[in-house]
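Trainee: Could you go through the strands and sheets of this structure with me? I'd like to see how each label is earned.

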Amino acid sequence: MEISTGLHPDGTAEVTVDVPPVNALGAAAWHRLAASVREAGRDPRVRAVLLRAEGRGFNAGVDIKELRREGHAALVAVNRGCADAFDAVYTCPVPVVAAVQGHCLGGGVGLAGNADIVVAAEDASFALPEVDRGALGAATHLRRLVPDHLARAMLYTCRPATAAQLHAFGSVLEVVPPTELRGAALRAAGDIAAKDPEVIRRAKESLNGTDPVDPRRSYRFEQGFTFELALNGTGDRLREAFAGQSTRAGARTAPDPSGEGT
């Protein structure tokens, strides 16, 4: 199943994404993910949400194949879908724990950056490939994960950061072997679920209310430049170049995204 939700006895809702081969999502899937997180947060039985993924990577951003098929209409749709999913994580009434393995690219950074807690596998790698794809977005969320100067370097060069680096910055709570990721993330969510649910919900609301930057408005501002690059032809040119490189390379050995995470 593409996106599924289960409820644990302690009140942890587990939202799982499984979109082979790399968990790159089309517009409709981003909205379905948003709806799943919102539904979990509205459930009075839920005390925390675990957001995780099956497969070799947490999330590879948006599905570029959809953009190539459907053009600017798809770009508008997927940007709205990303904004919806990121907002659902950020505004979820209960804390969201993201369990990140393998690649966390573009839209994956948006999800992890808006989560309350991030637990990562040792093989996790965080990056924004937007500049190479002729788009912009999720720098807002990257800045919640790494210091500003590193965020700028990562955006300009598309260089990745490891889970160990983010752990050193304090933005990843724990780094564990891949086989232990789900268990570690469930324990982190369980620690929250054990607290008084009314206090936890008010704590989440208070933290969001005192954020120095509103990630929802900031992200939508970023997306405006993606539209500008699309309208002047730069976005299409770079996406086509990326698609051509992928075709020539054949089966990729590295989990380079089929998405761009706008």
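Here is a talk about sheets, edges and the helices beside them.

Mentor: Keep in mind that this is a predicted model.

Trainee: What makes strand 3 and strand 4 a pair?

Mentor: Pairing takes at least two bridges between two strands. Strand 3 (residues 48-53) and strand 4 (residues 96-100) are joined by three bridges, so they pass that cut-off. They run parallel, and one of the bridges links Val49 to Val96 in strand 4.

Trainee: Which order do the six strands of the open sheet have?

Mentor: The order is 1-2-3-4-6-9, with mixed pairing.

Trainee: Why do strand 1 and strand 9 stand at the edges?

Mentor: Strand 1 (3-7) and strand 9 (174-176) each have a single partner strand, so one side of each has no neighbour in the sheet. On average, neighbouring strands here are turned by 20° against each other, direction ignored.

Trainee: Which strands does helix 1 lie across?

Mentor: Helix 1 (residues 27-42) lies across strand 1, strand 2 (12-17) and strand 3, and runs at about 10° to strand 1.

Trainee: And the open sheet of three strands: how do you know that strand 5 and strand 7 pair?

Mentor: That sheet has the order 5-7-8, with mixed pairing. Its edge strands are strand 5 (103-105) and strand 8 (161-162), each pairing on one side only. Strand 5 and strand 7 (residues 125-127) share three bridges in the parallel sense; the cut-off is at least two, so they count as a pair. His103 has Ser125 in strand 7 as its bridge partner. Helix 3 (residues 107-114) packs on this sheet, touching strand 5 and strand 7, and its direction makes about 90° with that of strand 5.

Terms used:
Residues numbered from 1 in each chain as written. Predicted model: local features only at pLDDT ≥ 70, side-chain atom pairs only at ≥ 80, totals over all residues. Heavy atoms only, no water. Helix = DSSP H or I, 4+ residues; strand = E, 2+ residues; numbered from the N terminus. Axes fitted to C-alpha atoms, helices over the stretch in contact; angles between N-to-C directions. Contact = heavy atoms within 4.5 Å.
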